[in-house]
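Here is a friendly tour of one protein model and the spaces and sheets inside it. Keep the structure open beside you and find each part as we go.

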Amino acid sequence: MDWVSSWKMTLFSLLEDVPVSLRPLIASISIDGTSATTMIIDSTTGEPLWIPLLYNESCPDALPIVKSIAPANHTVCSGSSTLCKLVSWWNSDDSNKEHALLLHQADWLLWLLHGKLGISDYNNALKVGYDPEHDSYPSWLLSQPYSRVLPSVKAPGASIGYLQEDIRTQFGFPKDCVVCTGTTDSIAAFLAARATQPGKAVTSLGSTLAIKLLSTSRIEDARFGVYSHRLDDKWLVGGASNTGGAVLRQIFTDEQLEKLSEQINPMEASPLDYYPLHTVGERFPVADPKMVPRLQPRPESDVEYLHGILESIARIEAKAYSLLKGMGATQVDEVFTAGGGAKNRTWAKIRERVLGLPVSRAIQTEAAYGAALLALKGAQRDIDIP
């Protein structure tokens, strides 16, 4: 798969999709991309020097090296971190690295629009080791020989420059259309939910269960895969469990889930105690790579079985929020739901009872909507473009 060409083609097809009548009104553009999707490019031409390493690709060869230089349990101490990918490339590629530059997927796509190479944002740069609290790369990273390929970092939604003239004229965007720094896909999805106060959280019920909580305190613990992204003067604390929709799909069809859910009384607690996992291994809120799925005993009634699974996932979600509180995060007081599981009203009521909190479906859950809000923020700032 030629990822780079497909990303570029997608970007320009999206620009083409903007209705012609609206193009003169576009004030600013931002892009979100999967965190830790890593590109090594030529700093003079912007062309890739290496195949992109996707967000879920792991570089276990580099992990011992990264662990030897980074603080214990740091976010980069994961085989899929951007830093592990950078170290793996640095040690395996013998070519001249003089003009090499690291960018994330969103950074590179934004470069196609503004033309200034080497700029990232502090959300995307977190997993390469950037310290958003001190707004700088730490000394343990800057002392490494590969630190010279790191990009400069701005706040998400900061103006970088105006849209390049050839693109502007090709599509009919205005002269003063500003291109802003981006963010990661999960943060953009959180922004879309407009959960702006500490204590507000978003649970994404997709194939896995991911939670994001807005907190006044920063929490980091690589053992549980818990880390914090900076959001202006607050912290977005997150973690992801391996439980979730993928387990449900193994057992039930969408039609079965809908019909069986209607027969569940969400106000009654299920006596069944499961730990639904798609495969062996859990990370959050229990750090156990050898944990086996627990989906037995199975009652004769499919309604009771589904009730037990939904209730068990809700208990895992409650344990996750409790763990974050125990680590020092702000107490959660309201949960918005995103992802496919947000449509299941019975599940929402079960979760509301188990969590003891108001649970509602987020009106907007598309990451692109969050990126648009970020672009709006950039357009509303005083434009300071060199």
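In this predicted model, 48 residues line the largest pocket, and those nearest its centre are Lys-127, Thr-208, Ala-210, Tyr-227 and Ala-240. The volume of this pocket is about 1400 Å³. Which elements supply at least two residues each to its lining? They are the helix α7 (185–192) and the strands β10 (200–205), β11 (209–215) and β13 (234–241). Sorted by class, the lining of the largest pocket has 22 polar, 16 nonpolar and 10 charged residues.

Now turn to the second largest pocket, which has a volume of about 800 Å³. Its lining holds 28 residues, and Leu-14, Ile-29, Ser-30, Ile-31 and Ala-368 lie nearest the centre. Four elements give at least two residues each: α1 (3–17), β1 (28–29), α4 (105–114) and α12 (367–380). Which of the elements gives the most to this lining? That is α12, with 8 residues. By class, the second largest pocket is lined by 21 nonpolar, 5 polar and 2 charged residues.

There is also a closed space to look for. How many cavities of 30 Å³ or more does the structure hold? The count is 1, and the volume of this largest cavity is about 30 Å³. Its lining is made of Thr-38, Met-39, Ile-40, Trp-50, Ile-51, Pro-52, Leu-53, Lys-85 and Trp-89. Two elements, β3 (38–42) and α3 (82–92), give two or more residues each to that lining. The strand β3 gives the most, with 3 residues.

The table sets out the linings of these three spaces by class.

| Space | Nonpolar | Polar | Charged |
|---|---|---|---|
| Largest pocket | 16 residues | 22 residues | 10 residues |
| Second largest pocket | 21 residues | 5 residues | 2 residues |
| Largest cavity | 7 residues | 1 residue | 1 residue |

Next, look at the strands. Six of them form an open sheet with mixed pairing, in the order β12-β13-β11-β10-β14-β15. At the edges are β12 (227–231) and β15 (359–361), each of which pairs on one side only. From one strand to the next, the twist averages 25 degrees. Three strands of this sheet, β10, β11 and β13, may already be familiar, as each supplies at least two residues of the lining of the largest pocket.

Inside the sheet, in which sense do β10 and β14 pair, parallel or antiparallel? The pairing of β10 with β14 (residues 334–338) is parallel, over 5 bridges. One bridge to find on screen joins Ala-201 to Val-335 in β14.

Two helices lie across strands of the sheet. Helix α10 (residues 302–327) crosses β10, β11, β13 and β14, and runs at about 30 degrees to β11. Helix α11 (residues 345–355) lies across β10, β14 and β15, at about 150 degrees to β15.

Finally, look for aromatic rings that sit together. The model has 9 aromatic pairs. One of them joins Trp-90 and Tyr-146 edge-to-face, with 6.0 Å from centre to centre and 70 degrees between the planes. Why does this pair tie together parts that are 56 residues apart in sequence? Because Trp-90 lies in helix α3, while Tyr-146 lies in the loop between α5 (139–142) and β6 (152–154). Helix α3 has come up before, as one of the elements giving two or more residues to the lining of the largest cavity.

Notes
Residues numbered from 1 in each chain as written. Predicted model: local features only at pLDDT ≥ 70, side-chain atom pairs only at ≥ 80, totals over all residues. Heavy atoms only, no water. 1 Å grid on protein atoms, 1.4 Å probe; cavity = no way out; pocket = protein on both sides within 12 Å on 5 of 7 lines; lining within 4 Å. Points joined across faces, edges and corners; volume = space filled by probe spheres on them. Nonpolar A, V, L, I, M, F, W, Y, C, P; charged D, E, K, R; others polar. Pairing = 2+ DSSP bridges. Axes fitted to C-alpha atoms, helices over the stretch in contact; angles between N-to-C directions. Contact = heavy atoms within 4.5 Å. Phe/Tyr/Trp six-rings, centres within 6.5 Å; stacked < 30°, edge-to-face > 60°.
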